[in-house]
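Reader: Could you walk me through this model before I go back to the bench? I would like to begin with how the chains meet.
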Amino acid sequence: MKAIAGVLGAVLAAGLTAGAGAAENGALVTADWVADNLKNPKVKVFEVSVDPGVYERGHVPGATNIRWHTELVDPVKRDIASRENLQKLLSTAGVDKDTTIVLYGDNNNWFAAWGAWVLEAYGLGDRVKLLDGGRKVWEAKGLPLDTATPESAKGSIEIGELNTKVRARLGDVLKVAEGDQSSTLLDIRSPDEFSGKIFAPEGSKELAVRAGHVPNAKNVPWSKAVNADGTIKSKDELKKIYADAGVDGSKPVIVYCRIGERSSHTWFVLAKVLGYDVKNYDGSWTEYGNAVGVPVANLTGTVWQGK
Amino acid sequence: MLSPLRRFGSWPVLVALATLALLAAAAHAFGQTPGAVGARQSFALLSGAAFGLVLQRGRFCFLCNLRDLTRAGDPRGVLAILVALAIGAVGYAAVFGAWVPNPFGGRLPPTAHVGPVSPALAVAAFAFGVGMALSGSCLSAHLYRLGEGSPTSPFALVGAVAGFVIGFQTWNPIYLATVAEAPVVWLPSVFGYPLWLALTLGLLALLAALALARARAGAADPRAPLTLRSAARAVLVERWPFLPTGLLVGAIGTLAYLRVAPLGVTAELGSAARTAAGAAGLLPSTLFGLDGLRGCATVVKETLLSENGLFVLGLVAASFTAALVSGRFAPARPTRGQVLRGLAGGALMGWGAMTALGCTVGVLLSGIQAGALSGWVFLVFVTLGALAHDAAAARLPTRAAA
């Protein structure tokens, strides 16, 4: 497996002269591009998968594992990863100041997208890319997988302070709920969660006390942005899908879901693919739906698991 | 008994060949699904078949191997288990070296069966030991004996499902009292890989020496000249010797961990019990902490057959095939005693496997191979449970031996 990757890398590295960024300018890179850049010292690949053991049983050769539930969040308080921890994670993985960071993962790149959003919040946005289609496409194309854990020399990366340009807080969302029209609120959960028919998808342990959605929010489920093969739809298709729901990029957008990870996917699509001004509300429904005294739109009237 | 070659063409062999062909066709069909899912499913089915084949041909059964030693002074079965543990530990160490280069980093190897070490584990393993002695087999052996047409095994498996449901009912208080804060001890994180492996192999060698010291001289093994017929008999009819049996179980355990998951036979059974109990309203609305613990996970079923379900299906089918060919497929009408012992022993094993998060395969075999202290604790208490049952049964001369 390694030998195949090695040969592939050597052959393709010979054809690479202009460096990593030149081949793909957008925020999405194809599986083939990643396969071509496995030996490129300026490209570092990370897997962010939800299911344990997925990375270890075979990952993109040379990719480093990120465990989102401890490494991309604060493990004690509810918050995104601290600057110190993220700095340590990236430099240990060998990320230099000019390294292009490629993220991919299982479950349609949900947590890889969360990673892209966290890195954006720390000012690394322009060199963070998402492997379009994630693991699903990589596996479907039969590209090589490796089980070894890579080790790298310490990288020279320096990440900045957390900026709030891409992060919305409860107060920002409350403004829209109370009628402020300067930004558009987009709920990307399923229609049944949006309407209040259910509190959360089957199996979710983190719940809200109230069902429904933030008043004035539009609903476009995250999955509308994805093709059957797992890749993200074309820009024209995306523009139409979101414009039909009233999100056309003319106003800043705030996206949310249940815990902020599926909404990272839509954040990525709107902000990085379409170039809109978008904030992700990572508190999402598990914060808003538990907050006391905030207005709620509950179309089905579900209260306390009943009616 | 007819020679296997002469019996070629008789109905058991034809049924066996048809079963094998079905297994192969199913494995091929799963492999056609694009992506890694189909490949994993295919591997799960085939590794289950390989495991079932080795269990049946090597008579790799934790209880009968123990009884062979304690009752007949025959150490071969116990040696097969010890060899499987040793080879599996070496294999796991090789995998760990690639996946978790630094064992001191505070992380457990992904999906390895490293469970919490609590009094509940000891009690559950003891109950499991009593249950397997009462019903005549541990759960993995009941599965392969299902393929031999055993009259007890179906009842033991039904009893195990009931035992699982009882286990779910008692889980929350047990979890809060003993499991929640129990230490999860992964021995390589204490000793490092080289010392852990040396200690494991040393301890297994010591146990092997003890088993051999108890051995009573049996009939000498006359070596027949190797002909096509004697070779076929050795592979297809006679019980496999301990060394290849242990080596194969250890190798299958390592490969299964590398590709899909550690060996375990109760996840699918437990999931079925959990789903059925949930539908019948017999499940506590929350099972505290259960889904965050390592071992044979009992998740509410979302698919008809999980990877573990395919593994178990492959196990039973291959054991059935091997039993047919070796002339060990002998279905019989169950007696009342077999039904009762199967149900009662199965229930004890189900409760034990639910509470201990696995059985002799999931906790003992896959745990010790992975360097889990929980595996060793299970080994000690399951043995004590089985011996306690046998000692008690010996005092009741009226009851037929199980």
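Author: Chain B and chain A bury about 1,200 Å² between them, with 51% of it on carbon and sulfur atoms; buried area here is the accessible area (1.4 Å probe) that two parts lose on being put together, summed over both.

Reader: Which three residues of chain B supply 40% of the area that chain B buries against chain A?
Author: Those are B:Trp99, B:Arg107 and B:Pro110, which supply more of that area than any other three residues.

Reader: And how many residues are in contact on each side?
Author: On the chain B side there are 16 residues in contact with 14 residues of chain A, where contact means heavy atoms within 4.5 Å.

Reader: Before I lean on that, what sort of model is it, and how are things labelled?
Author: This is a predicted model, in which local features need pLDDT of at least 70 and side-chain atom pairs count only at pLDDT 80 or more, while totals for chains, interfaces and linings use all residues. Residues are numbered from 1 along each chain as its sequence is written, chains are lettered from A and ligands numbered from 1 in the order in which they are written, and side-chain values use heavy atoms, with hydrogens and water left out.

Reader: Switching to chain A, what are its spans along the principal axes?
Author: The C-alpha trace of chain A spans about 60 × 40 × 35 Å along those axes.

Reader: How much of chain A is buried?
Author: Buried residues (under 20% relative accessible area, 1.4 Å probe, protein chains only) make up 53% of the 307 residues in chain A.

Reader: What about contacts between residues at least 6 apart in sequence?
Author: Of those contacts in chain A, 76% join residues at least 24 apart.

Key:
Buried means under 20% relative accessible area, exposed over 50%, partly exposed in between (1.4 Å probe, protein chains only).
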